There are 2 protein chains.
Amino acid sequence: MPDSTVTANSRNQLLTSLLKLDQERLLPHLHQIDLLQGDVIYSAGDDIEVVYFPETTVVALLSTLEDGSTTEVGLIGREGMVGLSVFLGGAITPERAVVQVNGSALKMAAADLAQELRRGSPLQVQLLRYTRSFLALVTQSVICSQHHSLEARFARWLMMMRDYSGSNTLPLTHEMVAGMIGTRRAGVSMATRALRERGLIASSRGMIEIVDGEGLANAACECYAIIREEFAQLHNSQMNSRPT
Amino acid sequence: MPDSTVTANSRNQLLTSLLKLDQERLLPHLHQIDLLQGDVIYSAGDDIEVVYFPETTVVALLSTLEDGSTTEVGLIGREGMVGLSVFLGGAITPERAVVQVNGSALKMAAADLAQELRRGSPLQVQLLRYTRSFLALVTQSVICSQHHSLEARFARWLMMMRDYSGSNTLPLTHEMVAGMIGTRRAGVSMATRALRERGLIASSRGMIEIVDGEGLANAACECYAIIREEFAQLHNSQMNSRPT
DNA sequence: AAGATTCGGTACGCTAACGTACCACCAGTA
DNA sequence: TACTGGTGGTACGTTAGCGTACCGAATCTT
C-alpha cells in the first residue's frame with residue numbers, strides 16, 4: 001500500500017481530526033508499522049526519537065519501582081499518541097511503553113513532530129485535548145488504586161482493554177495482568193476465578209474472554225464509567241473537528 | 001502596592017520565566033489575592049472562570065469517590081498554575097482544588113489566559129513543560145498509592161509540603177492529612193506516633209513539625225526523590241528561560 | 001467559668017491482599 | 001516419546017490497613 005493513502009485511511013483519531021491540508025503535510029513523515037504484544041517501545045529513561053499514533057494497537061505505560069514491581073499508569077489507543085513527552089517539551093520518557101495488543105500504528109520521528117508543532121499546526125490543539133484526557137485517566141487511577149478492590153480494578157481493566165482493542169477475547173496471562181494492575185500473579189488467578197464464577201468472563205491458558213460485558217462493567221469500580229465518559233467527550237471533540 | 005509591580009515581583013515561576021515584554025502584556029489581567037487554608041478554589045465539575053498562579057500559597061487537587069472518600073492527586077505551588085484544564089482545552093475541572101497553605105497568588109480570568117495563548121505567547125511553552133512535570137507527579141502517585149506503606153507515603157507528603165511551603169511547621173490536623181493521603185484519621189495518628197518515636201517529627205494539636213528533614217526523607221518512599229528531581233529540572237528550565 | 005466542639009490517642013475485631021510455595025498441566029522442543 | 005519451561009490453581013501463615021468506637025485533652029464559645 002502506497003504511503004499516500006496512509007493518513008487518509010488512518011484510524012488514529014488525532015490524525016483524522018485534522019484538515020486534509022494538514023494531513024497531507026504530515027504524510028511524508030508517517031510510516032505504518034505493525035506492533036506485537038510484548039514489544040517494548042520505550043524503556044524508562046529513553047530518549048524519545050520516534051512517536052507512535054496507534055491505529056489498532058494498544059500500548060500500556062508502565063511505571064516501575066526500585067524493587068521491580070510495576071503498575072500500569074495509562075493505556076493508549078487510537079485516540080492518542082505514544083510519546084506525549086515530546087509534545088510536552090521533554091526529550092526523555094519516565095515510563096516504559098509496552099505493546100498490549102497486536103496491531104498497526106503510524107510512526108513519526110520526534111524531530112518531525114516538533115517541527116510540525118513549531119509551525120503552529122492544528123495538531124497542537126488536538127494534542128492538548130488528548131493530554132487533558134490522558135491526565136484525567138492517570139488521575140483517576142491514583143484514587144482507584146488507593147481505594148478499590150483488586151477484583152473491581154481487574155474488572156475495570158478488562159473492560160478498558162475491551163474498549164481499546166475492540167475484542168472480547170484478550171490474549172493475556174495472569175502474570176501479565178498482575179504486572180498491569182500492580183498485584184501478585186496469584187491475586188489475579190483468584191480474581192479470575194471469582195469473575196468466572198459470577199459468569200462474567202471465561203478463561204483458558206493465556207486467554208481471557210469477556211462473556212458478559214454489561215455485568216463486568218457493573219463489577220468494575222466507578223472509575224470505569226468516569227474514564228469512559230472522559231474519552232467519549234474526547235472522541236466527540238475529535239470527530240467534530242474532523243474534515244467532512 | 002500598585003498593580004504595575006505585580007508581575008515583576010511575582011514569585012510564580014511560570015510568570016517570571018517570561019520576557020519583560022510578555023509579562024507587561026499580562027499585567028493588566030493579573031490580580032493579587034491572599035488565599036487561606038481550606039478555601040475551595042474549584043469544586044468538582046465547576047466551570048473554570050479564573051486561574052491562579054501561586055506565589056507563596058500551596059493548593060491541593062483532590063479526587064473524590066462516590067462513597068465520599070478523597071485522595072490528593074497533586075500539589076500546586078509557585079512552579080505552576082491552578083486550572084491547567086483551561087490550558088488543555090477544557091472548560092471544567094474534574095477535581096476539587098483546596099488551599100493547603102496560606103499565601104499569595106495571582107489570579108487571572110480564564111478567558112484572558114485563553115486569549116493570551118491564542119496569540120502564541122511563550123507562556124504556552126512554559127505551560128507545556130509544567131504540564132509534563134505535573135503529569136509525572138500524578139503518574140508517580142499511581143504506583144505510590146499502590147505499593148507504598150501509609151507511613152512512607154505520609155513521610156513523602158510531609159516532605160513535599162515542606163518543600164512547597166518552605167516551612168518545617170505545618171498547621172495540619174490528622175483529619176486533613178487523612179483526606180490527602182487517602183486513609184483513615186486513625187491511620188494518620190498511628191503514623192504520626194511512629195515518625196515521632198523515630199525522632200523525625202514533632203506534633204501538637206493541629207500542628208506537625210518536621211524535626212529531622214533528612215531522616216524524614218529517608219523514611220519517605222523513593223517517590224519523593226523522583227518527584228523532587230522532576231521539579232528540580234522544571235525549575236532549572238524555568239530559570240534558564242528567565243529574562244536577565 | 002461552664003459547656004460544646006474539635007482533635008488526637010488508642011483499642012478491637014476484621015478482611016483484603018501479601019509473600020511464598022507446591023503441584024498439576026499444557027505446549028512446545030529435543 | 002520424554003523433557004522442559006511457562007502457566008494457572010490453590011493453600012498457608014502473616015500483615016497492613018480498615019471501620020468503628022470510646023475517651024480524654026485542648027480549644028472555642030458564650
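**Exercise 1. What radius of gyration would a compact globule of 244 residues have, and what does chain A have?**

Solution. Keep in mind throughout that this is a predicted model.
- Step 1: Begin with the expectation, which for a compact globule with 244 residues is a radius of gyration near 18 Å.
- Step 2: Set the value for chain A beside it: 18 Å, which agrees.
- Step 3: Add the dimensions. The C-alpha trace of chain A spans about 55 × 40 × 35 Å along its principal axes.
- Step 4: Look inside the chain. Of the 244 residues in chain A, 51% are buried.
- Step 5: Turn to the contacts in chain A with a separation of 6 or more; 75% of them join residues 24 or more positions apart.
- Step 6: Finish with the secondary structure of chain A, which comes to 11 helices and 10 strands.

**Exercise 2. Find out how chains A and B are related in space.**

Solution.
- Step 1: Superpose chain B on chain A. This takes a rotation of 180° with 0.0 Å of shift along the axis, and the RMSD is 0.0 Å.
- Step 2: Interpret that rotation: the two copies are thus related as by a two-fold rotation axis.
- Step 3: Locate the axis in chain B. The C-alpha nearest to the axis belongs to Val142(B), at 2.2 Å.
- Step 4: Compare the two sides of the interface. Because 100% of the interface residues of chain B are also interface residues in chain A, the copies meet through the same surface.

**Exercise 3. Describe the side of chain B that touches chain A.**

Solution.
- Step 1: Count the residues. The contact takes 29 residues from chain B and 29 residues from chain A.
- Step 2: Name the elements. In chain B, β5 (70-76) and α6 each supply at least two residues of this side.
- Step 3: Pick out the largest share, which is the 15 residues that come from α6(B).
- Step 4: Sort the residues of this side by character: 11 are nonpolar, 13 polar and five charged.
- Step 5: Take a closer look at helix α6 of chain B. This helix covers residues 123-147, has 25 residues and reaches 36 Å from its first C-alpha to its last, close to the 36 Å expected at 1.5 Å a residue.
- Step 6: Check its surroundings. Since 23 of the 25 residues of α6(B) are buried, the helix is largely enclosed by the rest of the structure.

**Exercise 4. Work out which parts of the protein chains lie around the two DNA strands.**

Solution.
- Step 1: Start with DNA strand D. There are 19 residues around this strand, and those that come nearest are Thr173(A), Ala186(A), Ser149(B), Ala186(B) and Gly187(B).
- Step 2: Find the elements. Two or more residues of the surface near DNA strand D come from each of α8 (174-181) and α9 (185-197) of chain A, and from each of α7 (150-165) and α9 (185-197) of chain B.
- Step 3: Note the largest share near DNA strand D: five residues, from α9(A).
- Step 4: Move to DNA strand C. Of the 19 residues around this strand, the nearest are Ser149(A), Gly187(A), Thr173(B), Ala186(B) and Ser189(B).
- Step 5: Find the elements again. For DNA strand C, those giving two or more residues are α7 (150-165) and α9 of chain A, together with α8 (174-181) and α9 of chain B.
- Step 6: Here the largest share, five residues, comes from α9(B).
- Step 7: Sort both surfaces. Near DNA strand D there are four nonpolar, nine polar and six charged residues; near DNA strand C there are four nonpolar, nine polar and six charged residues.

**Exercise 5. Decide whether Lys20(B), Met159(B) and Ser104(A) are buried, partly exposed or exposed.**

Solution. Use these cut-offs: 20 or more other C-beta atoms within 10 Å for buried, 12 or fewer for exposed, and partly exposed in between.
- Step 1: Lys20(B) sits in helix α3 (residues 20-26) of chain B. With 10 other C-beta atoms within 10 Å, Lys20(B) is exposed.
- Step 2: Met159(B) belongs to helix α7 of chain B. This residue has 21 other C-beta atoms within 10 Å, so Met159(B) is buried. Beyond its neighbours within four places in sequence, Met159(B) is in contact with Leu216(B), Ala217(B), Ala220(B) and Tyr224(B).
- Step 3: Ser104(A) lies in strand β7 (residues 103-109) of chain A. Its 17 C-beta neighbours inside 10 Å make Ser104(A) partly exposed. Leaving out neighbours within four places in sequence, Ser104(A) is in contact with Gln32(A), Asp34(A), Glu55(A), Thr56(A) and Thr57(A).

Conventions:
Residues numbered from 1 in each chain as written. Chains lettered and ligands numbered in written order. Predicted model: local features only at pLDDT ≥ 70, side-chain atom pairs only at ≥ 80, totals over all residues. Helix = DSSP H or I, 4+ residues; strand = E, 2+ residues; numbered from the N terminus. Expected span 1.5 Å × (residues − 1). Least-squares fit on C-alpha atoms with pLDDT ≥ 70 in both. Contact = placed C-beta atoms within 7 Å. Rg over C-alpha atoms; globule rule 2.2 N^0.38 Å. Nonpolar A, V, L, I, M, F, W, Y, C, P; charged D, E, K, R; others polar. Near = placed C-beta within 6 Å.
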